Amino acid sequence: MSKVLVIKAHPFNGDKSRTIKTLDTFLETYQAKNPDDEIETLDLFATNFPELDGGMMAAWGQLANGMAFTDLPADVQKAMGQYNEALAQFKAADKLIVANPMWNLSIPAQLKSWIDAITVVGETFRYTATGHIALVPDKPFVHIQAAGGKYEGKDLGTQYVQAALEYLGAKRFAKIGVEGMDHFPDQADQIVAAAQEEAKEVALKF
């Protein structure tokens, strides 16, 4: 049995989002083939996943200098708790699925914040004299992303998500792109349908 962590980085569900519609198709196929696997979803928008800000940065320094966690402001405690939980989820997962839209050539801020939460020296990577070492090696991941234009994986969002996860040792299993619906609006239905078929094929092998 595998633990599968799904990162849903979209404010909409499958009725409005082509990304999540493709994710739903993927999960339906995956669960049918792997009924005993444990699937956990972290919805970054529903949980109001916090951004890394000055309050959190200051708190880490204060904790290092001996301040008790319970003496931190309540909002900072909550944010740090969400970061710690996300880190634990990521480390415990055997497989990872990240689903997000491409917004303005990049990714939603909440997804960047989640990546900040899991990129922790001593937990998911460490420095050495010859470079960094990943501490969560060989965790396979699938990246699902919809975009109105055609980018074929060369957009900044795709490259960042993949590079960030690979830095921590995860291994790209597949990228499912749902691309070109705005560029070719007359082909939008066919593009989405093709992505769903690809999602089924990838899910059977994941």
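**Close-ups of a predicted model**

**View 1. Where helix 2 meets helix 3.** From helix 2, the residues Gly55, Met56, Ala59, Trp60 and Leu63 touch Val76, Ala79, Met80 and Tyr83 of helix 3. Sort that contact by class and you get eight nonpolar residues, one polar and no charged. Keep in mind that this is a predicted model, here and in the views that follow.

**View 2. How helix 2 and helix 3 cross.** Here we stay with the same pair and look at the axes. The axes of helix 2 and helix 3 cross at roughly 85 degrees and come within 10 Å. Angles of 65 to 115 degrees count as roughly perpendicular, so that is the label for helix 2 and helix 3.

**View 3. The largest pocket and what sits around its centre.** The space in the largest pocket comes to about 230 Å³. Its lining is made up of 14 residues, and those nearest the centre are Trp60, Asp116, Ala117, Thr119 and Val120. Trp60 may ring a bell: this helix 2 residue also turns up in the contact with helix 3.

**View 4. Which elements build the pocket lining.** Three helices give two or more residues each to the lining of the largest pocket: helix 2 (54–64), helix 3 (74–92) and helix 4 (109–118). Helix 3 chips in with the largest share, four residues. As for chemistry, the lining of the largest pocket splits into 10 nonpolar residues, two polar and two charged.

**View 5. Helix 4 alongside helix 5.** Now for another helix pair. Helix 4 packs against helix 5 (residues 156–167) at an angle of about 10 degrees, and their axes are 11 Å apart. That angle makes helix 4 roughly parallel to helix 5.

**View 6. Side by side: the residues between helix 4 and helix 5.** Helix 4 brings Leu111, Lys112, Trp114, Ile115 and Ile118 to this contact, while helix 5 brings Tyr160, Val161, Ala164 and Leu165. Count by class and the contact of helix 4 with helix 5 has eight nonpolar residues, one charged and no polar.

**View 7. Stepping back to the annotated stretch.** An unreviewed UniProt entry carries the annotation "domain: Flavodoxin-like fold" for residues 2–201. Over residues 2–201 the chain is 41% helix and 22% strand. The end C-alpha atoms of this stretch lie 19 Å apart.

Notes:
Residues numbered from 1 in each chain as written. Predicted model: local features only at pLDDT ≥ 70, side-chain atom pairs only at ≥ 80, totals over all residues. Heavy atoms only, no water. UniProt positions renumbered as here; feature names shortened; annotations may be inferred. 1 Å grid on protein atoms, 1.4 Å probe; cavity = no way out; pocket = protein on both sides within 12 Å on 5 of 7 lines; lining within 4 Å. Points joined across faces, edges and corners; volume = space filled by probe spheres on them. Nonpolar A, V, L, I, M, F, W, Y, C, P; charged D, E, K, R; others polar. Axes fitted to C-alpha atoms, helices over the stretch in contact; angles between N-to-C directions. Parallel < 35°, antiparallel > 145°, perpendicular 65-115°, else oblique. Contact = heavy atoms within 4.5 Å.
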